[in-house]
Amino acid sequence: MNDETPEPDVDDIEIELLLEALYRRYHYDFRHYARASIKRRLIQARGRLGMASFSALQDRLLHEPEMLAKLLNYLTVQVSEMFRDPSYFRALREKVIPHLRTYPSLKVWIAGCSNGEEVYSLAMLFREEGLEQRTIFYATDINPKALKAAEAGVYPLDQIRKFTENHQKSGARTSLSDYYVADYDRAIFDSSLRANVVFSDHSLATDSVFAEMHLISCRNVLIYFDRDLQERAVGLFDESLVRRGFLGLGRKESLRFSDHAAGFADFVREEKIYQRRER
Amino acid sequence: MTGMVVIGASAGGVQALLTLLPALPADFPRPVLIVVHVPPDHDHGLAGLFEARCAMQVREAEDKQLPEPGTIYFAPANYHLLVEPDGSMALSADDPVNHSRPSIDVLLESAADALRRRLIAVLLTGANNDGAEGLRAVARAGGTAIVEDPETARVPTMPAAGLALCPDATRLAIDAIAPHLVRLAPSHVRP
């Protein structure tokens with residue numbers, strides 16, 4: 001064995017086959033996810049699901065559809081926060097909202113909404129700014145269980161302190177406690193916040209554009225994709241946005257190296273908020 | 001890719017790195033990726049702190065970018081830093097590992113996978129066990145494992161935990177690590 005031709009790693013071969021099986025059997029496409037993270041998540045799944053190997057996991061997955069939901073929970077779900085990175089929401093409030101006010105009706109897409117923390121954050125922000133009634137929010141994810149959780153709007157009470165702190169730092173005009181009731185160890189958010197929200201299954205890897213958007217918020221999703229899939233996703237955003245529509249990415253995500261960079265202008269550079277150029 | 005150096009540091013780590021990093025020459029032939037445990041809420045500005053003091057270039061790691069030789073990359077606050085199979089850097093907002101994000105284990109394990117024997121990993125001072133599993137993964141993949149000598153480290157817990165899982169790791173005092181990395185470099189460089 002030498003450096004140029006390392007012995008193939010059995011785990012890596014199995015992972016490739018497992019992801020192929022997942023795609024061909026269920027049409028969930030993780031083949032262009034960044035491999036290092038997906039491997040960590042699969043190792044965790046293998047252990048917690050009590051499988052001796054990824055091949056054993058693949059066997060169960062192919063023959064028992066109920067394994068799909070279990071595996072998806074390891075591959076997709078992540079814990080977020082309401083008003084995560086408060087300065088992002090402050091920038092939306094102070095810089096983006098004034099532009100959005102000029103439209104009689106608005107469409108907002110939260111792509112990769114996971115358990116919905118950001119959906120409720122944006123609904124509150126738009127309510128505070130008086131735009132909620134003219135807005136439709138599309139909250140999409142590939143994990144049905146996450147979508148259900150998002151639709152339920154129930155979060156552990158021990159997270160509320162952090163959510164409240166973030167909400168205040170975002171330049172809030174109201175108190176977070178106006179929006180939920182505590183029930184033992186849970187905080188149940190006001191169902192009226194989701195009156196204008198459409199929760200829907202949508203994959204940035206395999207699905208296409210579904211509506212014309214004024215604002216797309218997709219944060220800490222692209223980092224899980226390889227360069228090819230990042231390009232595909234940003235292409236969808238580019239296609240979806242109205243002229244001069246807005247795209248918000250995660251704190252450490254950027255269009256700088258994207259093929260689509262020329263189609264966007266920095267709007268609030270440090271918050272990774274972009275504006276689609278006129279074309 | 002010609003190889004890579006990855007470094008993990010926790011309590012006392014900035015001080016230790018102020019000894020180590022300025023002693024590396026501008027033409028150091030590999031990229032150096034670093035995880036330092038810092039509070040999650042703010043951009044830590046480590047790249048700015050070290051830039052003025054180092055001969056090597058210093059940057060914050062950016063998602064899906066190929067690290068370059070002669071350049072030091074710090075993991076951003078509140079994100080894991082990983083190395084992809086093609087040697088590019090990747091960020092993740094996954095849950096903390098060992099109560100840490102960024103986690104040293106996450107960097108070392110992914111880099112061990114990607115670089116195998118072309119990886120050199122260094123575990124410095126710290127008050128927890130993050131990095132120990134990662135160091136073992138590096139050694140198992142045929143890479144080179146180095147720990148700061150716990151007897152002289154500012155906080156011995158982390159390097160001692162590394163040695164416990166990776167007893168064959170090279171033990172060095174902090175000021176001996178940079179010269180050692182420079183000596184290792186030529187023999188590891190492959191066209």
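Modeller: Start with B:Asn98, which sits in the loop between β6 and α3 of chain B. The model is a predicted one.

Biologist: Why is B:Asn98 called partly exposed?

Modeller: The relative accessible area of B:Asn98 is 34%. Buried means under 20% and exposed means over 50%. The value for B:Asn98 falls in between, so the residue counts as partly exposed.

Biologist: What is the phi of B:Asn98?

Modeller: Phi is near 55 degrees there, a positive value in a residue other than glycine. In chain A, A:His27 also has a positive phi, of about 65 degrees, although A:His27 is not a glycine. That residue lies in the loop between α1 (10–26) and α2 (35–48) of chain A.

Biologist: Is A:His27 buried, partly exposed or exposed, and why?

Modeller: Its relative accessibility is 48%. Exposed would need a value over 50% and buried one under 20%, so A:His27 is partly exposed.

Biologist: Which other residues belong to the loop of B:Asn98, between β6 and α3 of chain B?

Modeller: Among them are B:Arg101 and B:Pro102. The peptide bond from B:Arg101 to B:Pro102 is cis, with omega near 5 degrees.

Biologist: B:Arg101 is buried. How do you know that B:Arg101 has no salt bridge?

Modeller: The nearest side chain of opposite charge is that of B:Asp95, 5.2 Å away. A salt bridge needs a side-chain nitrogen of Lys or Arg within 4 Å of a carboxyl oxygen of Asp or Glu. The distance of 5.2 Å does not meet this limit, so no salt bridge is counted for B:Arg101.

Biologist: What makes the approach of B:Arg101 to B:Asn78 a polar contact?

Modeller: The two side chains are joined at 2.9 Å. The limit for a pair of N or O atoms is 3.5 Å, with one able to donate a hydrogen and the other to accept it, so the pair counts as a polar contact. A polar atom of the B:Arg101 side chain also lies 3.1 Å from the backbone oxygen of B:Ala93. Leaving aside neighbours within four places in sequence, the contacts of B:Arg101 include A:Arg84 of chain A and B:Tyr79 and B:His80 of chain B.

Biologist: How do you know that β5 and β6 of chain B are paired?

Modeller: They share 4 bridges, in the antiparallel sense. Pairing needs at least two bridges, so these strands count as paired. One bridge partner of B:Val83 is B:Met89, in β6(B). The two strands form a hairpin with 5 residues between them, and B:Gly87 in the turn has a positive phi of about 90 degrees.

Biologist: Why are both faces of β6(B) called covered?

Modeller: B:Met89 and B:Leu91 on one side, and B:Ala90 and B:Ser92 on the other, are all buried.

Biologist: B:Glu84 lies in the loop between β5 and β6 of chain B. Why does this buried residue have no salt bridge?

Modeller: The nearest side chain of opposite charge, that of B:Lys64, is 6.0 Å away. The limit is 4 Å, so a salt bridge is not counted. The side chain of B:Glu84 does reach the backbone nitrogen of A:Ala36, at 2.9 Å. B:Glu84 also touches other residues of chain A, including A:Ala34 and A:Ser37.

Biologist: Chain A has an open sheet of 7 strands, in the order β6-β2-β1-β7-β8-β10-β9, with mixed pairing. What makes β6 (197–201) and β9 (264–268) of chain A its edge strands?

Modeller: Each of them pairs on one side only. Neighbouring strands of this sheet are turned by 20 degrees against each other on average, direction ignored.

Biologist: How do you know that β1 and β7 of chain A pair?

Modeller: Strands β1 (residues 106–111) and β7 (residues 213–218) run parallel and are joined by 3 bridges. At least two are needed, so the strands pair. In β7(A), A:Leu215 is the bridge partner of A:Val108.

Biologist: Which strands does helix α7 (residues 144–152) of chain A touch?

Modeller: It packs on the sheet, touching β2 (135–141) and β6, and its direction makes about 170 degrees with that of β6(A).

Biologist: Last, A:Arg277 is in the segment after β10 of chain A. Why is A:Arg277 given its accessibility class?

Modeller: Its relative accessibility is 42%. That is neither under 20% nor over 50%, so A:Arg277 counts as partly exposed. Not counting residues up to four places away in sequence, A:Arg277 touches A:Ala262, A:Gly263, A:Phe264 and A:Ala265.

Definitions and conventions
Residues are numbered from 1 along each chain as its sequence is written. Chains are lettered from A and ligands numbered from 1 in the order in which they are written. This is a predicted model: local features need pLDDT of at least 70, side-chain atom pairs count only at pLDDT 80 or more; totals for chains, interfaces and linings use all residues. Side-chain values use heavy atoms; hydrogens and water are left out. Buried means under 20% relative accessible area, exposed over 50%, partly exposed in between (1.4 Å probe, protein chains only). Lys and Arg count as positive and Asp and Glu as negative; His and the chain ends are not counted. Contact means heavy atoms within 4.5 Å. Axes are lines fitted to C-alpha atoms, for helices over the stretch in contact, and angles run from 0 to 180 degrees between N-to-C directions.
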